[in-house]
Amino acid sequence: MFYISKVSPLLFVFGFLNLVLSLILKLAGTYGTLFFVVLVFGFVGSILLGAMYQIIPNSQNRKLSLPQISYLVFAGVVASFLMFYGGLHSYGSLLLAVSYTTFFVHALLNVKNFMPVTVKFLGVSAFYLALSSVLLALHFNLGLVPLQLAVHSLTLGAMLNAVYGVEIAWVPMLLMETLNVRKAQRLFYAKQVVTPLILVSFYLLNYQAIALLSLGEIAVSLYFIYLLYLLIKQRRMPSPIPYVVKTFLIALFFLPLGLLMGTITASAPQALHKLFLIHIDIVLYGFTAFTIFGGIAHLLPRIMWNWKFASRKDGPVPSINELIDEKAFPEFLERAVFLFALFVAVDALFEPINRLSVFIYAFIIALFVRITFVHLLKKLREVSNGSNKALGEEV
C-alpha cells in the first residue's frame with residue numbers, strides 16, 4: 001500500500017516560494033526577524049510538514065485518518081505567513097502555532113507502531129516542529145523566549161531528527177543493504193540527550209554553554225555519517241550509488257562544517273557576525289536545501305505517479321522515473337555544488353558585493369525546479385495530450 005498525501009506537493013511548492021523570498025530579503029540586506037521566519041519556518045517548516053504528511057502514514061502502512069485536517073493545516077500555514085508578510089507577527093505566530101500543533105496531534109493519532117527507529121525520529125521531529133511554533137508565538141506575543149530558541153528548536157530539533165530518521169530508512173533501502181538497528185537506536189538516544197541541553201542554553205542565551213554543547217551535536221552528526229559510511233562500505237551490489245543517496249551524502253558534508261561554524265560563532269557572537277551569516281548559508285542553504293533536493297526528487301514523482309496513474313486501466317502510463325529528469329540530475333549536482341561554493345565565497349565578501357551571491361543561489365533553485373517541478377508538469381501534459389489523442393482516435 002502507498003498512501004498519497006495530496007497536500008504534500010502544495011507544501012513543497014509553498015516551501016520553495018519562501019526560499020525564494022528569503023533570497024529577496026537577503027538581497028535587500030534584511031537579516032531581521034522576517035528573514036529567519038521565512039527561511040526557517042516558511043521554507044524548512046513547510047517542507048517538513050509536506051514530507052511527514054506523506055511519510056508517517058506510509059511508515060504505518062495505513063491511510064491518513066481525517067485527511068481533511070491536512071488541508072486545514074495547509075490553509076492555516078499559508079494564512080499565517082500572509083500575516084507575517086504584512087507585518088502582523090503576533091497574529092501570524094499564533095495561527096502558525098495552532099497549525100503546527102494541529103499537525104502534531106493529527107500525525108500522532110495516526111501512529112500505532114512506535115517501535116521502528118524511523119518512526120521514533122519522526123515523532124520527535126513532529127513534536128519539535130509544534131514546540132518551535134509555540135515558542136515563536138511566545139516570543140512575539142509575550143517576549144518570554146528568545147527568537148534563537150524557536151529557530152533552533154526547529155532546526156536542531158525538528159529538522160535534524162527528521163533527516164536522521166528518514167535517511168536511516170531510505171539510504172539502506174536505496175542501496176539494498178541492511179542497517180545495524182542497535183547502532184541506529186544509539187543514534188536516536190544520543191540525539192535526544194544532546195538537543196534538549198543545547199536548547200536550554202539557547203533559552204538562557206548562555207553562549208559559552210551553547211558553544212560547548214554544540215560539540216555534542218557535531219559528535220552525533222559525525223556518528224550518523226559514520227553509520228551511512230558503513231552502509232556504503234559493506235555494499236555487495238556493484239551498481240552506481242543512486243542519485244538521491246548522492247544528494248544526501250553531498251548535503252551531509254556541509255552538516256558538521258556548518259555546526260562547527262555555529263560553535264565558533266557562539267564563542268564570540270558579537271565579534272564573529274560574518275561567520276554567523278556563513279553558518280546560516282552552510283546549514284540552511286547548504287545542508288538543509290541539498291537534503292530537501294534529494295528528498296523531493298525521491299518523494300514527488302512517487303506521490304504524483306500513484307495519484308495520477310496507479311489506478312489507470314487504459315491510456316499511456318509513464319514509469320515513476322520518467323516523472324523526474326534523472327539524466328539531468330548528475331549534471332545538476334555537479335553544477336549545484338560548484339555554484340554553492342561560489343555562493344558562499346561571494347557572500348563572505350564585503351557589502352554590497354556580497355549581495356550578488358543571491359543571484360548565484362537563485363540559479364541553483366532554477367536548475368532544480370527545471371528538472372523536478374517543470375519536468376513533472378511537462379510529462380503530465382504529454383500524457384494528458386496522449387490520452388486525449390487516443391480518445392479522439394477511438395471516437
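Okay, let's start with a term: on a 1 Å grid over the protein atoms alone, a cavity is a set of points where a 1.4 Å probe fits but cannot get out, and its lining residues have an atom within 4 Å of a point. Hold on to that, since we begin with the holes.

A word on ground rules. This is a predicted model, where local features need pLDDT of at least 70, side-chain atom pairs count only at pLDDT 80 or more, and totals for chains, interfaces and linings use all residues. Residues are numbered from 1 along each chain as its sequence is written, and side-chain values use heavy atoms, with hydrogens and water left out.

So, cavities. There are 4 of them at 30 Å³ or more. For volume, grid points are joined across faces, edges and corners, and we take the space filled by probe spheres set on the points. The largest cavity comes to about 290 Å³. It has 22 lining residues, and Ile47, Leu48, Ala51, Thr291 and Ile292 sit closest to its centre. Which helix gives the largest share of that lining? It's α10, with 7 residues. Helices here are DSSP runs (H or I, at least four residues), numbered from the N terminus. Along with α10, both α2 and α6 supply at least two residues each. By class, the lining is 18 nonpolar, 3 polar and 1 charged. In that split, Ala, Val, Leu, Ile, Met, Phe, Trp, Tyr, Cys and Pro count as nonpolar, Asp, Glu, Lys and Arg as charged, and the others, Gly among them, as polar.

The second largest cavity has a volume of about 70 Å³. Its lining includes Ile56, Ser59, Phe104 and Val119. The biggest contribution is from α5, with 4 residues, and there are no charged residues in this lining, just 8 nonpolar and 2 polar.

Now pockets. A pocket is an open set of points with protein on both sides within 12 Å along at least five of seven lines. The largest one has a volume of about 730 Å³. Of its 31 lining residues, Gln148, His152, Phe202, Phe276 and His279 are the closest to the centre. Helices α6, α7, α8, α9 and α10 each give two or more residues to that lining, and the largest share, 8 residues, is from α6. The class split is 20 nonpolar, 10 polar and 1 charged.

Let's stay with Phe202 for a second. It's found in helix α7. Buried or exposed? Phe202 is buried, at 6% relative accessible area; the cut-offs are under 20% for buried, over 50% for exposed and partly exposed in between, with a 1.4 Å probe and protein chains only. Skipping neighbours within four places in sequence, Phe202 is in contact with Pro146, Gln148, Leu149, His152, Leu156 and Ile210, where contact means heavy atoms within 4.5 Å.

The second largest pocket holds about 440 Å³ of space. Among its 21 lining residues, Ile55, Ser59, Thr118, Ala169 and Trp170 lie nearest the centre. Ser59 may ring a bell: it also lines the second largest cavity.

One more single residue: Thr288, which is in helix α10. Thr288 is buried, at 3% relative accessibility. Its side chain reaches the backbone oxygen of Val283 at 2.8 Å. Leaving out residues up to four places away in sequence, Thr288 touches Val44, Met159 and Val283.

Last topic, salt bridges (a side-chain nitrogen of Lys or Arg within 4 Å of a carboxyl oxygen of Asp or Glu). How many does the structure hold? It holds 7. In one of them, Lys26 pairs with Asp347, with the closest N and O atoms 2.9 Å apart. That pair links distant parts of the chain, with Lys26 in α1 and Asp347 in α11, 321 residues apart. Lys26 is buried at 3%, and Asp347 is buried at 2%.

Next, Lys191 and Glu217, at 3.0 Å between the closest N and O atoms. This one joins α7 to α8, across 26 residues, and both partners are buried.

Then there's Arg355 with Glu351, at 2.9 Å, N to O. Here Arg355 is partly exposed at 28%, and Glu351 is partly exposed at 42%. Finally, salt bridges that share partners join Lys26, Asp281 and Asp347 into one network.

Terms used: Polar contact = N/O pair within 3.5 Å; in protein donor to acceptor, adjacent residues only side chain to side chain.
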